[in-house]
Amino acid sequence: MRFIDVHCHINESDYGDVDALIKNIRSAGVEKIISVGFDLPSSEYCRDLSEKYGCVYFTAGIHPTELKNFRDGDLGEIEKLAAHKKCVAIGEIGLDYHYPDTDKKLQREVFLAQIDMAKKLNLPVQIHSRDCAEDTLNILKTCAFELSAGGLLHCYSYSPEIAQEIQKLGFCFSFGGTCTYSGSKKARRTIAALNINRIMTETDSPYLAPKSRQGEFPNTPGSIPEIARTIADLRGMSVEEVSEAVWNNAHSLFKKLV
């Protein structure tokens, strides 16, 4: 079996010895990981990781909650990073209305600018969406042409009904450690309802440890096999079938994965 983590955050501050971490990830059967940028410095760091480790790919983008540090010119630098041979997507980008001081107007402007960038570069997007299902869905529908290279809703937690609407737009969905908990009813129902060719595995490491590691920090991409087993159980499939489907789905969406 071959596993892939399509959304994680790898860094020295949380993990210490990254060489050892990569070895442990590979020993768990996780052959490829996508380390996700959330601002300019983290995107540059992810690029450096991808150049050091063959199994690491990356995304470049500005996260909606990181806009307090956003500066003129950052998007131009993100675009330069996105031209790298191992940058597989623009991300993570999107909307997040969780915090009371949210600047919704600025979030939307930066989100739309990065969607335009993805169109220009013919890259998919990795989308973060929290507490803003309706606005996210409306933007995806409005920008369907600009999103012709496709995209991924990471750590999906809205209803199966909303997922079905987003699925019609050609989007994929990734699920992490939270789906291993019986209380994550929306995510688990969505996993059972979606087409298997729209499902991928992620960890959002170092966050969201699965049930077997509840409360532990940092989580690692080594948790992917447990997540895949949960998806298999929810769908009545074998782990082998799920791992192969996810592998194929990831390589279909992220064309730069080789």
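A search of the whole structure, which is a predicted model, finds 12 salt bridges. Side chains of opposite charge can pair when their charged atoms come close. Three of these pairs are described below, followed by the pockets, the cavity, a patch on the surface and some details of the backbone.

**Salt bridges**

- Asp-96 forms a salt bridge with Arg-130, and the closest N and O atoms of the two are 3.0 Å apart. Because Asp-96 belongs to strand S4 and Arg-130 to strand S5, this pair ties together parts that are 34 residues apart in sequence.
- The two partners are placed differently with respect to the surface: Asp-96 is buried, with a relative accessible area of 0%, whereas Arg-130 is partly exposed, with a relative accessible area of 29%.
- A salt bridge also brings together the side chains of Lys-141 and Glu-165, with a distance of 3.7 Å from N to O. Since Lys-141 lies in helix H6 (residues 133-142) and Glu-165 in helix H7 (residues 160-167), the pair ties together parts that are 24 residues apart in sequence.
- Lys-141 is partly exposed, with a relative accessible area of 41%, and Glu-165 is partly exposed as well, with a value of 28%.
- Lys-141 and Glu-165 do not stand alone, for together with Lys-168 they are linked in a network of salt bridges.
- The side chains of Arg-189 and Glu-161 meet in a further salt bridge, at 3.6 Å from N to O. This pair links distant parts of the chain, with Arg-189 in helix H8 (residues 185-193) and Glu-161 in helix H7, 28 residues apart.
- Arg-189 itself is partly exposed, its relative accessible area being 44%.

**Pockets**

- Rolling a probe the size of a water molecule over the atoms shows where empty space is left.
- The largest pocket holds about 500 Å³ of space, and 21 residues line it, of which His-63, Glu-92, His-128, His-154 and Asp-204 lie nearest its centre.
- Strand S4 (87-96) and strand S5 (125-130) are the elements that give two or more residues to the lining of the largest pocket, and S5 gives the most, with three residues.
- Sorted by class, the lining of the largest pocket consists of six nonpolar, eight polar and seven charged residues.
- The second largest pocket contains about 180 Å³ of space, and its lining includes Pro-64, Thr-65, Glu-66, Lys-68, Tyr-99 and Asp-103.
- Asp-96, the partner of Arg-130 in a salt bridge, is also among the residues that line the second largest pocket.
- The lining of the second largest pocket divides into four nonpolar, three polar and five charged residues.

**The cavity**

- A search of the whole structure finds one cavity of 30 Å³ or more, and about 40 Å³ of space lies in the largest cavity.
- The residues that line the largest cavity are Ser-129, Leu-153, His-154, Cys-155, Tyr-156, Ser-157 and Tyr-158, and by class this lining has four nonpolar, three polar and no charged residues.
- His-154 thus appears in two places, since it lines the largest cavity and is also one of the residues nearest the centre of the largest pocket.

**A patch on the surface**

- Tyr-207, Leu-208 and Phe-217 form a nonpolar patch on the surface, and together they have about 300 Å² of accessible area.
- Within this patch, Phe-217 is placed in the loop between strand S8 (199-201) and helix H9 (224-235).

**Details of the backbone**

- The peptide bond from Gly-91 to Glu-92 is cis, with omega near 5 degrees. Glu-92 is located in strand S4 and is one of the residues nearest the centre of the largest pocket.
- Ser-205 and Pro-206 are also joined by a cis peptide bond, for which omega is about 15 degrees, and Pro-206 lies in the loop between S8 and H9.
- Asp-131, a residue other than glycine, has a positive phi near 55 degrees. Asp-131 lies in the loop between S5 and H6, where it counts as partly exposed at 46% relative accessibility.
- Cys-155, which is not a glycine either, has a positive phi of about 50 degrees. Cys-155 is found in the loop between strand S6 (151-153) and H7, and it also belongs to the lining of the largest cavity.

Definitions and conventions:
Residues are numbered from 1 along each chain as its sequence is written. This is a predicted model: local features need pLDDT of at least 70, side-chain atom pairs count only at pLDDT 80 or more; totals for chains, interfaces and linings use all residues. Side-chain values use heavy atoms; hydrogens and water are left out. Patches are made of residues with over 30% relative accessible area and no salt bridge: like charges are joined within 9 Å, nonpolar side chains (Val, Leu, Ile, Met, Phe, Trp, Tyr) within 5 Å. Accessible areas come from the Shrake-Rupley method with a 1.4 Å probe; for residues, only the protein chains shown count as cover. A salt bridge is a side-chain nitrogen of Lys or Arg within 4 Å of a carboxyl oxygen of Asp or Glu. Helices (H or I, at least four residues) and strands (E, at least two) are DSSP runs, numbered from the N terminus. On a 1 Å grid over the protein atoms alone, a cavity is a set of points where a 1.4 Å probe fits but cannot get out, and a pocket is an open set with protein on both sides within 12 Å along at least five of seven lines; lining residues have an atom within 4 Å of a point. Grid points are joined across faces, edges and corners, and a volume is the space filled by probe spheres set on the points. Ala, Val, Leu, Ile, Met, Phe, Trp, Tyr, Cys and Pro count as nonpolar, Asp, Glu, Lys and Arg as charged, and the others, Gly among them, as polar. Buried means under 20% relative accessible area, exposed over 50%, partly exposed in between (1.4 Å probe, protein chains only).
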